[in-house]
Structure formats: C-alpha cells, structure tokens
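Trainee: I'd like to learn how to read a structure like this one. Can we go through it together, one feature at a time?

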Amino acid sequence: MTATRPIPPAPANHAELTEGDRSRIIEMAWADEIPFEAIRFQFGLDESAVIRFMKRSLKAGSFRLWRRRVEGRGAKHERRLRAR
C-alpha cells in the first residue's frame with residue numbers, strides 16, 4: 001500500500017511562491033515528459049492555474065509558443081499517457 005501525500009492548497013497569488021518555486025513551475029511546464037498532474041501534486045496548481053501562471057510569467061510570444069507546444073502533447077496529461 002502506497003501512502004498518498006496530500007495535495008497542497010493552491011497559492012492565492014505569486015507572492016506566496018518563492019522565486020525558486022516560480023522557476024521550477026516554469027521548468028516543469030516546459031518539460032514534455034512532466035504531466036500537469038505532477039505540478040499539481042508538488043505545488044497545488046491544476047492545469048488551468050498553470051496556464052494562468054505561465055501567461056503572467058512569460059512574455060506574450062513565449063506564452064503563445066508554450067501553449068502551441070502543450071496543446072498538441074498528450075504527454076502533459078497523465079490520463080492520456082496511461083491510455084497509450
């Protein structure tokens with residue numbers, strides 16, 4: 001039996017995240033092999049919160065590039081990974 005770690009509550013705003021946390025969230029969001037569920041497990045941000053976070057954190061062109069990249073990736077969603 002595996003013990004499950006409770007998912008932390010989502011931070012109310014960027015001020016609650018350290019610079020290191022912000023950097024790690026961006027790094028995880030850009031990585032193809034890390035699903036949104038992993039970000040949720042570690043930081044409490046669901047997919048829509050990660051999208052909002054990235055929109056506020058990146059330049060407009062970088063955000064559009066990231067969104068295009070993520071939209072076509074099944075690997076960013078754990079459910080789709082397991083379905084393969």
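Mentor: Happy to. Let's start with a spot where two helices touch: Val50, Ile51, Met54 and Lys55 of helix 3 meet Phe63, Trp66 and Arg67 of helix 4. Keep in mind that this is a predicted model.

Trainee: What kinds of residues, by class, make up the contact of helix 3 with helix 4?

Mentor: Five are nonpolar, two are charged and none is polar.

Trainee: And how do I describe the way two helices pack?

Mentor: The general idea is that you give the angle between the two axes and the distance between them. Here, the axes of helix 3 (residues 47-57) and helix 4 (residues 60-71) come within 8 Å and cross at roughly 150°. Angles over 145 degrees count as roughly antiparallel, so helix 3 and helix 4 are roughly antiparallel to each other.

Trainee: Let me step back. How many helices and strands are there in the protein?

Mentor: Five helices and zero strands. Going along the sequence, you read the pattern α-α-α-α-α.

Trainee: What share of the residues counts as buried?

Mentor: Of the 84 residues, 31% are buried. As a general idea, nonpolar side chains in soluble globular proteins tend to be buried together. In this model, the largest nonpolar core holds 19 residues. Ile25, Ile39, Leu45, Val50, Met54 and Trp66 have the most contacts inside that core.

Trainee: Which elements give two or more residues to this core?

Mentor: Helix 1, helix 2 (36-43), helix 3 and helix 4 do. Helix 3 gives the most, with five residues. Notice that Val50 and Met54 from the helix 3 side of our opening contact, and Trp66 from the helix 4 side, turn up again among the core residues with the most contacts.

Trainee: Could we zoom in on one core residue? Which residues is Ile39 in contact with, leaving aside its neighbours within four places in sequence?

Mentor: Ile39 touches Ile25, Met28, Ala29, Gly44, Leu45 and Val50. You can also look at contacts across the whole chain: among those between residues at least 6 apart in sequence, 60% join residues at least 24 apart.

Trainee: Now the charged residues. How many salt bridges does a search of the whole structure find?

Mentor: Four. To spot one, look for a side-chain nitrogen of Lys or Arg within 4 Å of a carboxyl oxygen of Asp or Glu. Take Glu19 and Arg22: their closest N and O atoms are 3.0 Å apart, and they form a salt bridge. These two are three residues apart in helix 1 (residues 19-30), so about one helical turn separates them.

Trainee: Is Glu19 buried or exposed?

Mentor: Glu19 is exposed, at 56% relative accessible area, while its partner Arg22 is partly exposed, at 22%.

Trainee: Where else in helix 1 should I look for a pair like that?

Mentor: Try Arg24 and Glu27, a salt bridge whose closest N and O atoms are 3.2 Å apart. They too are three residues apart in helix 1, about one helical turn. Both are partly exposed: Arg24 has 29% relative accessibility and Glu27 has 49%.

Trainee: And what does Arg67, from the contact we began with, form with Glu71?

Mentor: A salt bridge, with the closest N and O atoms 3.5 Å apart. Arg67 and Glu71 both lie in helix 4, four residues apart, about one turn of the helix. Glu71 counts as exposed, at 55% relative accessibility.

Methods: Residues numbered from 1 in each chain as written. Predicted model: local features only at pLDDT ≥ 70, side-chain atom pairs only at ≥ 80, totals over all residues. Heavy atoms only, no water. Axes fitted to C-alpha atoms, helices over the stretch in contact; angles between N-to-C directions. Parallel < 35°, antiparallel > 145°, perpendicular 65-115°, else oblique. Contact = heavy atoms within 4.5 Å. Nonpolar A, V, L, I, M, F, W, Y, C, P; charged D, E, K, R; others polar. Buried < 20%, exposed > 50% of the residue type's maximum accessible area, 1.4 Å probe, protein only. Core = buried A, V, L, I, M, F, W, Y, C linked by side-chain atoms within 4.5 Å.
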